[in-house]
Amino acid sequence: MLRQAIRFALVGVVNTGTYYLLYLGLRHVVPYLVAHITAFILSMIGSFFMNTYFTYKVKPTWKKFLLFPLTNVTNFVITTVGVYALVSWVSMDERIAPLVAAAAAIPVTFVVSRKVMIPGTESQSRVSESNSTPVS
């Protein structure tokens, strides 16, 4: 599980870089909010495939693909609440708070991601994967 957590963190770094590069490129051709949303969706799709193949080494399925955005919602909620709490209640610098909140969100996001990618026990996971249609 430690190896998965390390691979998960590496995917997060790659995913963040991918999002940012897409955002920077797209904002020259579309409004910044459209660039943000498009880059977010594309990087989330990339993150799904990186996590299935690299982090968890499982077969991607439509069910997992449709559940995967829950991991991003979890991360968003934790980091948003974290930033607010750190700035408002702890008086942390606004430039540092997002980094601390993001680091705090990693373990929770990892657990949610793992539940989406590897539901239940190993034996249940194999049964549910064999009954799910693969994503091509």
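**Group meeting: a six-helix model**

Helix 1 has 25 residues, and from its first C-alpha to its last it reaches 36 Å, close to the 36 Å expected at 1.5 Å a residue. Before I go on, please keep in mind that this is a predicted model.

Let me stay with helix 1. Which of its residues are buried? Gln4, Arg7, Phe8, Val11, Asn15 and Tyr23 are. The cover over these buried residues of helix 1 includes helix 2 and helix 5.

Take one residue from that set. Asn15 is found in helix 1. Is Asn15 buried or exposed? Asn15 has a relative accessible area of 14%, and the cut-off for buried is under 20%, so Asn15 counts as buried. What does Asn15 touch? Leaving aside neighbours within four places in sequence, Asn15 is in contact with Ser43, Met44, Ser47 and Met50.

Now the whole chain. The protein has six helices and zero strands. Read from the N terminus on, the elements run α-α-α-α-α-α. Of the 136 residues in the protein, buried ones make up 30%. As for contacts with a separation of 6 or more, 64% of them are between residues 24 or more positions apart.

Next, helix 2. Leu33 has its place there. Leu33 has a relative accessible area of 48%, and the partly exposed class lies between 20% and 50%, so Leu33 is partly exposed. Leu33 and Tyr23 are 10 residues apart along the chain, and their C-alpha atoms are separated by 9.3 Å. Tyr23, you will recall, is one of the buried residues of helix 1.

On to helix 5. Helix 5 covers residues 97-117, which is 21 residues. From first C-alpha to last, helix 5 reaches 29 Å, close to the 30 Å expected at 1.5 Å a residue. Where does helix 5 bend? The bend is at Ile106, by about 35°, and a proline, Pro107, follows within four residues. The buried residues in helix 5 are Ala97, Ala101, Ala105, Thr109, Phe110, Ser113, Val116 and Met117.

Ala101, found in helix 5, is my example here. The relative accessibility of Ala101 is 3%, and the limit for buried is under 20%, so Ala101 counts as buried. Not counting residues up to four places away in sequence, Ala101 touches Thr79, Gly82, Val83 and Leu86. Between Ala101 and Tyr84, which are 17 residues apart along the chain, the C-alpha separation is 9.3 Å.

Last, the pocket. The largest pocket has a volume of about 890 Å³. It is lined by 28 residues, and the closest to its centre are Asn15, Thr16, Phe40, Asn72 and Asn75. So we meet Asn15 again, this time at the lining. Which helices each supply at least two residues of that lining? Helix 1 (2-26), helix 2 (32-55), helix 4 (69-88) and helix 5 do. How do the lining residues of the largest pocket divide? There are 14 nonpolar, 14 polar and no charged residues.

To put helix 1 and helix 5 side by side once more: both supply residues to the lining of the largest pocket, and helix 5 is among the elements covering the buried residues of helix 1. Helix 5 has the bend at Ile106. That is what I have for today.

Methods: Residues are numbered from 1 along each chain as its sequence is written. This is a predicted model: local features need pLDDT of at least 70, side-chain atom pairs count only at pLDDT 80 or more; totals for chains, interfaces and linings use all residues. Side-chain values use heavy atoms; hydrogens and water are left out. The expected span of a helix is 1.5 Å times one less than its number of residues. The bend at a residue is the angle between axes fitted to the seven residues ending there and the seven starting there. Buried means under 20% relative accessible area, exposed over 50%, partly exposed in between (1.4 Å probe, protein chains only). On a 1 Å grid over the protein atoms alone, a cavity is a set of points where a 1.4 Å probe fits but cannot get out, and a pocket is an open set with protein on both sides within 12 Å along at least five of seven lines; lining residues have an atom within 4 Å of a point. Grid points are joined across faces, edges and corners, and a volume is the space filled by probe spheres set on the points. Ala, Val, Leu, Ile, Met, Phe, Trp, Tyr, Cys and Pro count as nonpolar, Asp, Glu, Lys and Arg as charged, and the others, Gly among them, as polar. Contact means heavy atoms within 4.5 Å.
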